[in-house]
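Hi,

Here is the model I said I would pass on. Have a look at it first, and then read my notes below.

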Amino acid sequence: QFDRARHIHALVTGPPGVGKTTLVKRVTECLKREHALHLRGFYTEEVRQSEGRGKGTRVGFDVVTLNGNRGPLARIGSTAAHGGSAAQHRRACVGKYQVDVASFEKIALPVMRIDQEAPGGRLVVVDEVGKMELLSSDFVEAVRALFDSSQCVVLATIPIASAKSHWLVEELRKRDDCQLFEVTELNRE
């Protein structure tokens with residue numbers, strides 16, 4: 001249960017693949033249907049290569065805005081597979097994935113801006129504040145601005161706590177105006 005009297009922002013955490021994005025998408029759909037909230041933001045979605053029956057093999061991730069814009073966040077493979085050189089696309093690696101920082105910024109950053117003219121409440125969804133997204137210094141600044149703003153409520157996903165957590169993730173986790181929700185296999189439904 002979200003304590004609106006004490007907290008402004010909600011953070012969802014849990015291990016990879018537990019259903020954080022699914023939860024965020026469900027909450028977003030419910031809020032669109034039942035409340036007069038102005039929703040902005042994005043979520044990340046796996047990209048799979050179909051191999052007949054089944055889910056296929058994960059080959060990357062897309063960033064998808066709540067209004068339907070989509071672009072590549074990361075892919076397995078060489079920069080040539082993405083249509084150019086690393087310098088042209090500002091890529092970095094996270095594990096086996098090459099992150100397309102420029103594509104991510106082009107899609108995600110505009111929907112993270114606070115719209116002063118929005119009717120009703122303002123909710124900004126950020127899924128996720130993770131390793132790939134944090135390669136963008138502009139994203140780091142945008143996240144801090146959102147959480148420091150009195151103009152919106154933020155629903156964000158963050159990785160589970162670890163010794164290697166990014167400083168911004170730990171800063172968000174410790175904020176008094178954030179409530180942390182942990183998704184597990186037992187409570188995700």
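What follows is a short tour of what turned up, starting with the whole chain and ending with a few single residues.

**The overall picture**

Keep in mind that this is a predicted model. The protein has 189 residues, and 42% of them count as buried. Its secondary structure comes to five helices and nine strands. If you walk along from the N terminus, the order of elements is β-α-β-β-β-α-β-β-α-β-α-β-α-β. Long-range contacts feature heavily: taking the contacts with a separation of 6 or more, 62% are between residues 24 or more positions apart.

**The largest pocket**

You'll probably want to look here early on. The largest pocket has a volume of about 1100 Å³, and 37 residues line it. Nearest its centre are Pro16, Gly17, Lys20, Phe61 and Glu128. The elements giving two or more residues to this lining are helix H1 (20–34), strand E2 (37–49), strand E3 (57–65) and helix H5. As for chemistry, the lining is a mix of 13 nonpolar, eleven polar and 13 charged residues.

Glu128 has something else going on. A cis peptide bond joins Asp127 to Glu128, with omega at about 20°. Glu128 itself sits in the loop between strand E7 (121–126) and helix H4.

**Thr157**

Asp127 comes up again here. Its side chain makes a polar contact of 2.5 Å with the side chain of Thr157. Thr157 is in strand E8 and has a relative accessible area of 0%, so it is buried. Setting aside neighbours within four places in sequence, Thr157 is in contact with Val12, Lys20, Val24, Val126, Asp127, Glu128 and Val129. Two of those names, Lys20 and Glu128, are also among the residues nearest the centre of the largest pocket.

**Helix H5**

Which residues of helix H5 (residues 167–174) are buried? They are Leu168, Val169, Leu172 and Arg173. Seen down the helix axis, the buried residues of H5 fall within an arc of 140°, so they line one face of the helix. What covers them includes strand E1 (9–14), helix H4 (137–148), strand E8 (153–159) and strand E9 (178–182).

Leu172 is a good one to click on. It lies in H5 and counts as buried because its relative accessibility is 0%. Beyond residues up to four places away in sequence, Leu172 touches Leu11, Val129, Val143, Phe147, Ile158 and Cys178. You can also check Leu172 against Ala156: they are 16 residues apart in sequence and 9.8 Å apart in space, C-alpha to C-alpha.

**Glu105**

Last stop is helix H3 (residues 101–111), where you'll find Glu105. Is Glu105 buried or exposed? With a relative accessible area of 10%, Glu105 falls under the 20% cut-off, so it is buried. Its side chain has a partner, though: a polar contact of 2.5 Å joins the side chains of Glu105 and Ser136. The next residue to compare is Ser137, which is 32 residues from Glu105 in sequence and 9.8 Å from it in space, C-alpha to C-alpha.

If you only have a few minutes, start with Glu128: it is one of the residues nearest the centre of the largest pocket, it follows a cis peptide bond, and it is in contact with the buried Thr157.

Cheers

Key:
Residues are numbered from 1 along each chain as its sequence is written. This is a predicted model: local features need pLDDT of at least 70, side-chain atom pairs count only at pLDDT 80 or more; totals for chains, interfaces and linings use all residues. Side-chain values use heavy atoms; hydrogens and water are left out. Buried means under 20% relative accessible area, exposed over 50%, partly exposed in between (1.4 Å probe, protein chains only). Helices (H or I, at least four residues) and strands (E, at least two) are DSSP runs, numbered from the N terminus. The arc is that of the directions from the helix axis to the C-beta atoms. Contact means heavy atoms within 4.5 Å. On a 1 Å grid over the protein atoms alone, a cavity is a set of points where a 1.4 Å probe fits but cannot get out, and a pocket is an open set with protein on both sides within 12 Å along at least five of seven lines; lining residues have an atom within 4 Å of a point. Grid points are joined across faces, edges and corners, and a volume is the space filled by probe spheres set on the points. Ala, Val, Leu, Ile, Met, Phe, Trp, Tyr, Cys and Pro count as nonpolar, Asp, Glu, Lys and Arg as charged, and the others, Gly among them, as polar. A polar contact is a pair of N or O atoms within 3.5 Å; within protein, one must be able to donate a hydrogen and the other to accept it, and residues adjacent in sequence count only if both atoms are side-chain atoms.
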